[in-house]
Amino acid sequence: MPSAVPAVGLHQITKRFGDVIAVDSVDLEIADGEFFALLGPSGCGKTTTLRLIAGLEFPTTGSLRIFGDEVGTLPPNRRPVNTVFQNYALFPHMTAEENVAFGLRMRKIPKAEVEPRVRDAIALVHMEGMEQRRPDQLSGGQQQRVALARALVNSPKVLLLDEPLGALDLKLREAMQLELKALQREVGITFVFVTHDQGEALAMSDRIGVMDGGRLLQVGAPEEIYARPTNRFVADFIGHANLLDGMVTGPDRVTLTNGVTIAAPSDIQPGGRVTVSLRPEQAFLHRQGGAPEHHASVDGQVEQVTYLGNALIYRVSFQWMHIDVREENRPGGASVGAGDDVTVSWEPSSVAVVQD
């Protein structure tokens, strides 16, 4: 049974390097057995946050607990965590088996216990038959599996992963995403996963924390982060969004900067400057004037059509703004072409309105 006590708890954690604030007053609780992703651009503070949990850095201020125990001043070897790094950090002169066993032997675990634990860890990551190979005899994906086995053999309560898929090519990375999530479910422990790849975070995580400038901007399930961003940065960073600037001019009404007023549900008071976030796949393209009556809509002209294989992206300009519309690629190709007059429509409930 998962513990009711958070696996990881950060309360007002701040980390300064001289005059630079790398992590700024972060409050976060990660549940036992959760796959949690810290997501953000380079330099946002996500890796520093992971290193604080690992004990590779220490907080300037704040409280850091693992399963209720304060660990903010403890070294890494006194915390129930293990870390998998992007470069795997395997010993090149050791075999896969020796790399996996290294931590147990350093802790002077009896040999009779080491061998079955190493064997089980190697089986867990599907590396049977490759125990005697050195890292230079393994592919990138196989090296990653060895690094995972080496971390898991120590039975950590929390596994920390610092962009572990970043060095892999696209197809292997996508395959390893599925394997890593399946592995987490099998072992049942908390995974804290750092990435700058939005698709990776959305595909793998139970919850995502989005960071920028050292601050934790939003925490939620992937569906919530994607469909209901709470600020412009999250809306822009997660996936692709049309960001339309405007002002609330009445109950559930936003007037865009080009003067067009649209239905946009929100609880923001009239007069507030806002950004309306509309995902391209939530927008629909019609011959001009053909939108359903219950939809919000704008008229414009197709500026460009981009072919993506399984989809088409239409860039529609209206005055000095534009909206991208994504449609599945059907037999017969594009329904309209560049220069055509069109109407773009959407369900009012499909947009997110965030205050600037």
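This passage describes the fold, the sheets, the helices and selected residues of a predicted model.

The protein chain comprises 356 residues, of which 48% count as buried. Its secondary structure consists of eight helices and 20 strands. Along the principal axes, the C-alpha atoms of the protein chain fill a box of roughly 75 × 50 × 40 Å. When contacts in the protein chain are restricted to residues at least 6 apart in sequence, 65% of them join residues at least 24 apart. The exposed area of the protein chain is about 16,900 Å², and carbon and sulfur atoms supply 50% of that area. Charged side chains number 33 positive and 44 negative in the protein chain, with 7 Å between the centres of the two sets.

One open sheet is built from four strands in the order β2-β1-β4-β5, and its pairing is antiparallel. The edges of this sheet are formed by β2 (20-30) and β5 (69-70); each has a single partner strand, so one side of each is left without a neighbour in the sheet. Within the sheet, strand β1 (residues 8-17) and strand β4 (residues 61-66) run antiparallel and are joined by five bridges. H11 has S63 of β4 as its bridge partner. Helix α1 (residues 46-54) packs on the sheet and touches β1, β2 and β4. The direction of α1 makes about 115° with that of β1.

Strand β1 also contains Q12. The phi of Q12 is positive, near 50°, although the residue is not a glycine. With a relative accessible area of 35%, Q12 is partly exposed. In the segment before β1 lies A4, which is exposed at a relative accessible area of 83%. A4 and D32 are 28 residues apart along the chain, and their C-alpha atoms are separated by 7.4 Å.

Helix α1 itself is mostly covered, with seven of its nine residues buried. The buried residues of α1 are K46, T48, T49, L50, L52, I53 and A54. G55 follows α1 and has a positive phi, near 90°.

In helix α2 (96-106), the buried residues are A96, N99, V100, A101, G103 and L104. The cover over these buried residues of α2 includes α3 and α4 (140-152). K108, which follows α2, is placed in the loop between α2 and α3 (111-124). Its phi is positive, about 60°, although K108 is not a glycine. Most residues other than glycine have a negative phi. K108 counts as exposed, at 72% relative accessibility, whereas Q12 is partly exposed.

Strand β6 (residues 81-84) includes V84. The relative accessibility of V84 is 1%; because buried means under 20% relative accessible area, V84 counts as buried. Apart from residues up to four places away in sequence, V84 touches A147, L148, A151, L159, L160, L161, D162 and P164. One of these residues, L159, lies 75 residues from V84 along the chain, with a separation of 7.7 Å between the two C-alpha atoms.

A further open sheet contains five strands, arranged in the order β15-β19-β16-β17-β18 with antiparallel pairing. At its edges stand β15 (284-287) and β18 (321-328), each with a single partner strand, so one side of each is left without a neighbour in the sheet. From one strand to the next, the twist of this sheet averages 45°. Strand β16 (residues 296-307) pairs with strand β17 (residues 311-318) in the antiparallel sense, over six bridges. Opposite V305 stands Y314 in β17.

Methods. Residues are numbered from 1 along each chain as its sequence is written. This is a predicted model: local features need pLDDT of at least 70, side-chain atom pairs count only at pLDDT 80 or more; totals for chains, interfaces and linings use all residues. Side-chain values use heavy atoms; hydrogens and water are left out. Helices (H or I, at least four residues) and strands (E, at least two) are DSSP runs, numbered from the N terminus. Buried means under 20% relative accessible area, exposed over 50%, partly exposed in between (1.4 Å probe, protein chains only). Contact means heavy atoms within 4.5 Å. Accessible areas come from the Shrake-Rupley method with a 1.4 Å probe; for residues, only the protein chains shown count as cover. Lys and Arg count as positive and Asp and Glu as negative; His and the chain ends are not counted. The place of a charge is taken as NZ of Lys, CZ of Arg, CG of Asp or CD of Glu. Two strands pair if DSSP finds at least two bridges between them. Axes are lines fitted to C-alpha atoms, for helices over the stretch in contact, and angles run from 0 to 180 degrees between N-to-C directions.
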